[in-house]
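Biologist: I would like a close look at the cysteines in this chain. Please explain their situation, and then place it in the chain around them.

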Amino acid sequence: RTADIGVTGLATMGRNLARNFARHGHVVAVHNRTESRTKQLMEEHGDEGAFVPSSSVEEFVSSLQRPRKAIIMVKAGPSTDAVIEELAGYMEPGDMIIDGGNAHFLDTRRREAALRERGLHFVGTGISGGEEGALNGPSIMPGGAAEAYETLGPLLEDIAAKVDGTPCCVHVGPDGAGHFVKMVHNGIEYADMQLIAESYDLLRQALGLSPGELADVFREWNRGELESYLIEITTEVLGHTDLATGRPFVDVVLDQAEQKGTGRWTVQSALELGVPVTGIAEAVFARALSGHPGQRAAARSLAGPNGTAPGAELIDDVRRALYASKIVAYAQGFDQITAAGEEYGWNVDRGAMATIWRGGCIIRARFLDRIRAAYEADPALPTLLAAPAFAAALADAQDSWRRVVATAATIGVPTPGFSSALAYYDGLRRDRLPAALVQGLRDFFGAHTYRRVDQAGAFHTDWSGDRRERPA
Ligand code: NDP
């Protein structure tokens, strides 16, 4: 029997994706390097739909209907190259290899170019939503050639999450665009979580609220403009009691945040592209700071402030600061997608990205509808902050936001996410920036030249001589 699509790599993600295809009525070929996983899938879920199991890559490829579509769900890195090489050996021109793992977009660009030379399509695809999403509907971000998406797209759209009947899957752009957008999505997820964590920490320190009381605060917030999956699960985690000790769960967890690397990739790429993704960067650095127990122990006795905390009105201020900072973090992430699109020739539809993130993925939120509407109203929007709805929200939030940052500084609670987001907001809206002084200093010590506000061209002042200005 020939299969509509195949999945190789049947660990947590691959096995659930295969089941998702089968449950949607597609015949799905399944394969795994270690055959026991394939057998286990067939034993436990073989009755959920039409599976075609294979014990070898050759058999797997030959069980696929042409043009063949094989999804790789293996450990990202060199394993992916090995599996691509094996699959490609049995494939024919026009066939498609889809990588659904968390690959770096530059690897995807390299792989796509190499396979294109051999007449094969390579579709690097971001898949978000973890184990649960893979089974019940993930958010899917495929890159690769538009031609490949014509036949592959309907299958992916079928298994993707749906919001208001719209699938959370769209062709993002050529080669590595899909994996790039998935990476930025993960970066935004870092920023989102950091802001939530700062909100929790500040309210707990300033007002002495218990984790259980804070769970109620977040539950309330989830009814308004902050409504999102991450706020919802914050309520769950803060409300949870450790079964062994009876203490709040959050108090028994070691406070050192780990990372698998997509946040770091996002920041590295942003540095290359020259895009200030301060929200994501602060989130990555906050995790790094938490992971240095030696330095933290050595710093514990450093002087702190004697400032006093405000009253319960802080709760509403933090809610507004959280929303404003979140707008900034998303605006920065979308700027990075814009810049990469220009750099790599992708032409990504930013409104469509907001649309496919509304379901299936970790950053799903009511707020994304607003972003979609903003880009629909003005596809060339230079920054999300300037969209009328967001400009109004920021205007409404800014007094609270400033009080929160001031309060945090006064009582000594670190809020790098809130503070840097506010600095970004104030920086972007400034009429004149002190960058002019920086240019002057650069010209003084390094003859790096500067431009003038009143004339075209580059200039240099002879700082060590007569201090006259000359065109450079
Ligand atoms: P793992 O990342 O744990 O990888 C295990 C799978 O890779 C097994 O099927 C294993 O086969 C296979 N594998 C490893 N090396 C090779 C190799 N050299 N040749 C052939 N097969 C190999 O699996 P997950 O299901 O957790 O994740 C799969 C992909 O999805 C990863 O790229 C991961 O980053 C990504 N992912 C995405 C998530 C999301 O939310 N989008 C969440 C989790 C993961 P064997 O059984 O023979 O060892």
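**Two cysteines and their surroundings**

Modeller: Cys 361 is buried, with 0% relative accessible area. Keep in mind throughout that this is a predicted model. Cys 168 is buried as well, also with a relative accessibility of 0%.

The next point is whether the two sulfurs are bonded. A disulfide requires two cysteine sulfur atoms within 2.5 Å. For Cys 361, the closest cysteine sulfur belongs to Cys 168 and lies 7.1 Å away, so the pair is too far apart for a bond. By that cut-off the count is 0 disulfides. Cys 168 is accordingly in no disulfide, and its nearest cysteine sulfur is that of Cys 361, at 7.1 Å.

Now the chain as a whole. Buried residues account for 49% of its 472 residues. The exposed area is about 22,000 Å², of which carbon and sulfur atoms supply 51%. A compact globule of 472 residues would have a radius of gyration near 23 Å, and the value for this chain, 25 Å, agrees with that. Along the principal axes, the C-alpha atoms fill a box of roughly 80 × 70 × 45 Å. Of the contacts between residues at least 6 apart in sequence, 67% join residues at least 24 apart.

The secondary structure consists of 20 helices and 12 strands. UniProt, in an unreviewed entry, lists residues 178–464 as "domain: 6-phosphogluconate dehydrogenase C-terminal". Over residues 178–464 the chain is 65% helix and 2% strand. The C-alpha atoms at the two ends of that range are 52 Å apart.

One sheet can be followed strand by strand. This open sheet has 3 strands in the order E10-E11-E12, and the pairing is antiparallel. Strand E10 (450–451) and strand E12 (469–471) are at the edges; each has a single partner strand, so one side of each has no neighbour in the sheet. E10 is joined to strand E11 (residues 458–461) by 2 bridges, and these two strands run antiparallel. Within this sheet, Tyr 450 stands opposite Phe 459 in E11.

To return to the request: Cys 168 is buried, Cys 361 is buried, and the 7.1 Å between their sulfurs is too far for a bond.

Conventions. Residues numbered from 1 in each chain as written. Predicted model: local features only at pLDDT ≥ 70, side-chain atom pairs only at ≥ 80, totals over all residues. Heavy atoms only, no water. Buried < 20%, exposed > 50% of the residue type's maximum accessible area, 1.4 Å probe, protein only. Pairing = 2+ DSSP bridges. Helix = DSSP H or I, 4+ residues; strand = E, 2+ residues; numbered from the N terminus. Rg over C-alpha atoms; globule rule 2.2 N^0.38 Å. Contact = heavy atoms within 4.5 Å. Areas by Shrake-Rupley, 256 points an atom, 1.4 Å probe, with all protein chains shown as cover. UniProt positions renumbered as here; feature names shortened; annotations may be inferred.
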